[in-house]
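Reader: Could you take one part of this model and walk me through it slowly? I'd like a close look rather than a tour.

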Amino acid sequence: MIKIEENVSLSAYNTFGIDAKARYFCSINSEDQLLELLETPEYKNMPHLILGGGSNILFTKDYEGLVIKVNLKGIEIKSRTANTISVNAKSGEVWHEFVMYCVHEQWGGIENLSLIPGTMGAAPIQNIGAYGVEIKDVVECVEGIDLQTGKRKTLTNAECYFGYRESIFKHELKENFLFQVLL
Ligand SMILES: Cc1cc2nc3c(=O)[nH]c(=O)nc-3n(C[C@H](O)[C@H](O)[C@H](O)COP(=O)(O)OP(=O)(O)OC[C@H]3O[C@@H](n4cnc5c(N)ncnc54)[C@H](O)[C@@H]3O)c2cc1C
């Protein structure tokens with residue numbers, strides 16, 4: 001069951017701590033909750049903003065729409081070989097905590113990307129990078145919900161059209177694709 005709140009302060013949801021208000025606000029903890037939200041008048045009749053950790057968003061005024069706070073959590077090992085490991089991580093996981101988890105497990109690949117603020121779900125949008133490594137170097141595919149159809153959609157690394165701080169999610173799929181899992 002989802003809970004849509006009205007006139008919610010966003011100060012706890014952006015790293016600047018700006019006290020802008022969301023006309024409507026809903027936290028999403030599961031795919032079922034997201035699909036339920038897509039059927040509500042608040043979603044259908046209002047603009048929406050997907051929010052991760054709020055570290056790359058500067059609110060300059062109240063948001064007259066629906067803020068969807070992504071809270072999907074979970075890390076799961078999909079497969080491993082002698083030299084590789086394949087992990088699924090949900091989009092509400094904090095990026096740096098995921099890096100630390102991998103370092104602790106002695107899985108190499110993303111350690112250069114430690115301390116980048118934000119969540120897993122925002123990371124592919126600008127293809128986060130630091131010290132010569134980008135997330136595109138390790139992502140096999142991303143899975144999410146197409147917000148126009150409500151259908152689950154998977155994009156391979158090539159289909160994400162990653163570039164320097166670039167991807168398809170800044171263009172054709174802007175605000176229309178809610179990341180659930182990075183694989
Ligand atoms: C101090 C500082 C240092 C930084 N250093 C780096 C760096 O070294 N390298 C680098 O690449 N970036 C860096 N950044 C940028 C920032 O870390 C990234 O943009 C990060 O991915 C933002 O994550 P977030 O969860 O806070 O996103 P938010 O600010 O919440 O959202 C950013 C965008 O992602 C969208 N979004 C969020 N979650 C989802 C989701 N689940 N599905 C669909 N859309 C979603 C939002 O709608 C918005 O368009 C830095 C930022 C700061 C403030």
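Author: Sure, let's look at one helix and then at the ligand's surroundings.

A quick word first: this is a predicted model, where local features need pLDDT of at least 70, side-chain atom pairs count only at pLDDT 80 or more, and totals for chains, interfaces and linings use all residues. Residues are numbered from 1 along each chain as its sequence is written.

The helix is α3, residues 95-104 (helices are DSSP runs of H or I, at least four residues, and strands are runs of E, at least two, numbered from the N terminus). Its buried residues are W95, F98 and C102; buried means 20 or more other C-beta atoms within 10 Å of the residue's own, exposed means 12 or fewer, with C-beta atoms placed from the backbone. Those buried residues sit on the same side of α3 because they cover an arc of only 60° around the axis, taken from the directions from the helix axis to the C-beta atoms. They pack against β5 (75-80) and β6 (85-90), with contact meaning C-beta atoms, placed from the backbone, within 7 Å. Flip to the face turned away from that buried side and you find the exposed E97 and H104. After α3 comes Q106, with a positive phi near 65°.

Now the ligand: its shell has 14 nonpolar, 11 polar and no charged residues. Here Ala, Val, Leu, Ile, Met, Phe, Trp, Tyr, Cys and Pro count as nonpolar, Asp, Glu, Lys and Arg as charged, and the others, Gly among them, as polar. β3 gives the most to that shell, with three residues.

Notes
Two residues are in contact if their C-beta atoms, placed from the backbone, lie within 7 Å.
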